[in-house]
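Have a look at the chain below. The questions after it go from strands to helices.

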Amino acid sequence: MAANHLLKEELHASVSDPVLDTMNFLNGITHRYPEAVSFAPGRPYDGFFDTEEIFEHIRRYLDHLAKTGYSPAEIRDAVFQYGPTNGQIRELIADSLRKDEDIDVPPEAIVVTVGCQEAMLLTLRALMASRDDVLLVASPCYVGITGAARLLDIDVTPVEERADGLHCDDVEASIRAVRAQGRRPRALYVVPDHSNPSGVTLSVEARRGLLDLAAREDFLLLEDSPYRMVSPGRQVPTLKSLDRDRRVVHLGSYSKTLFPGARVGFAIADQVVVDRDGNTGLLVDEITKIKSMVTVNTSALGQAAVGGMLLAADGRTADINVETSRYYGDAMQAVLRELDEAFPENERTALGVRWNRPTGGFFLTVDVPFRADNAALERSAEEFGVIWTPMSYFYPQGGGANSIRLSISYLTQSEISDGIGRLARFIRDETAAHDPSQPTRKPTRC
């Protein structure tokens, strides 16, 4: 082998993880079929973004610094220099959390991160001390957390999610199984509101049950809940707002509520840490130490833009998202309505097609009577002009072979209507191809 060639098997195993390949495949499908209606991307609708407002937000934040006593030189440093590792807008975030979520924590318990993804990675690195520490996740699960665990060589134990979300009995059984192996269940990652990918929301009773179980079995809950403020109606209280025993590390993001380009997230980690000499601090301090060796600090300009938006709304991101939450709520209802019309009850029963009905968020799942794999996705995109995400991508140890995820966030009402029509034609044709009793329909190339 040439001296300048590297063996892939000698690189870290995460680069060969099938999840990375499947996500690359999905991106490739999207680029190869640009005219297809895509229910794949879980990104915010950009029709609400106004380029000029970025400058207003940054100016508002700089004016805020001046009003609070910053000199011109200090303001210059605040936007041009590296800045504090734990973040510059922690006070504004803490104020917003109190007003929006009834989460009452001091700014000192918060670290500002490069999106929620960094908050996940840093928290996992701080908590997982040995190869015997295990992360529990729902199955199906957001690939960002399992991907971060893979990068850090952290073992993941999936807990099967039921139709209404995680059940405490299932979590407890997994914990006991992990302990029976001589290992420690360190934390459970959960998206309690309109989860990605399933769209499920946990009841308040289930949330209290998880908190009680975490206290009883001595593990932490990693709460990731980015869709609350962009979903219509009254939301169930967050796990962190119900937390009385500091069992919840809350992982936050402004990507959905403000704008993803800022790359601003945060972690609330107010758990007390005691060293061998009896000195105490907070988990957030340890997370911040790790951040100093990873990204050094979060973009000062990104923080300034987010800080200006929070100031404009007096910290109430719910007020900023009145129109967007209505838009996404209407989009979800449009998808559900189009599915109902495309598959009348008698037909969907005969075909074996069914879907859930989330009350918010960006995602829902559709069960189909055939294998919804990459090959089926390729046919769907090429012959019917519609793209979706195989649910099998989100199962850490296999599953979801006959389910697809639909994202509703990035499409207009007319695109939804057109897209569901194309999807219905694909499902019928694919079902007929696998079931001779079903009439075959000639595919329509879109």
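Q: Which residue of strand 8 stands opposite Thr113?
A: This is a predicted model, where local features need pLDDT of at least 70, side-chain atom pairs count only at pLDDT 80 or more, and totals for chains, interfaces and linings use all residues. Residues are numbered from 1 along each chain as its sequence is written, and side-chain values use heavy atoms, with hydrogens and water left out. Strand 2 (residues 110-114) and strand 8 (residues 264-268) run antiparallel, joined by 5 bridges. Opposite Thr113 stands Gly265.

Q: Why is strand 2 largely enclosed by the rest of the structure?
A: Strands are DSSP runs of E, at least two residues long, and helices are runs of H or I, at least four, both numbered from the N terminus. Buried means under 20% relative accessible area, with a 1.4 Å probe and protein chains only. Strand 2 is largely enclosed because the number of its 5 residues that are buried is 4.

Q: Which strands stand at the edges of the open sheet?
A: Two strands pair if DSSP finds at least two bridges between them. The sheet has 7 strands in the order 2-8-7-6-5-3-4, with mixed pairing. Each edge strand has a single partner, so one side of each is left without a neighbour in the sheet. The edges are strand 2 and strand 4 (155-160).

Q: Which residue of strand 8 stands opposite His250?
A: Strand 7 (residues 248-253) pairs with strand 8 in the antiparallel sense, over 4 bridges. The residue opposite His250 is Ile268.

Q: What angle does helix 4 make with strand 2?
A: Helix 4 packs on the sheet and touches strand 2 and strand 8. Contact means heavy atoms within 4.5 Å. Angles run from 0 to 180 degrees between N-to-C directions, and axes are lines fitted to C-alpha atoms, for helices over the stretch in contact. The angle is about 105 degrees.

Q: How far apart are the end C-alpha atoms of helix 4?
A: Helix 4 (residues 90-101) has 12 residues. The expected span is 1.5 Å times one less than the number of residues. That gives 16 Å, which agrees with the distance in the model, 16 Å.

Q: How are helix 2 and helix 11 placed to each other?
A: The axes of helix 2 (residues 51-67) and helix 11 (residues 300-312) come within 7 Å and cross at roughly 85 degrees. Angles of 65 to 115 degrees count as roughly perpendicular, under 35 as roughly parallel, over 145 as roughly antiparallel and the rest as oblique. The two helices are therefore roughly perpendicular.

Key. Buried < 20%, exposed > 50% of the residue type's maximum accessible area, 1.4 Å probe, protein only.
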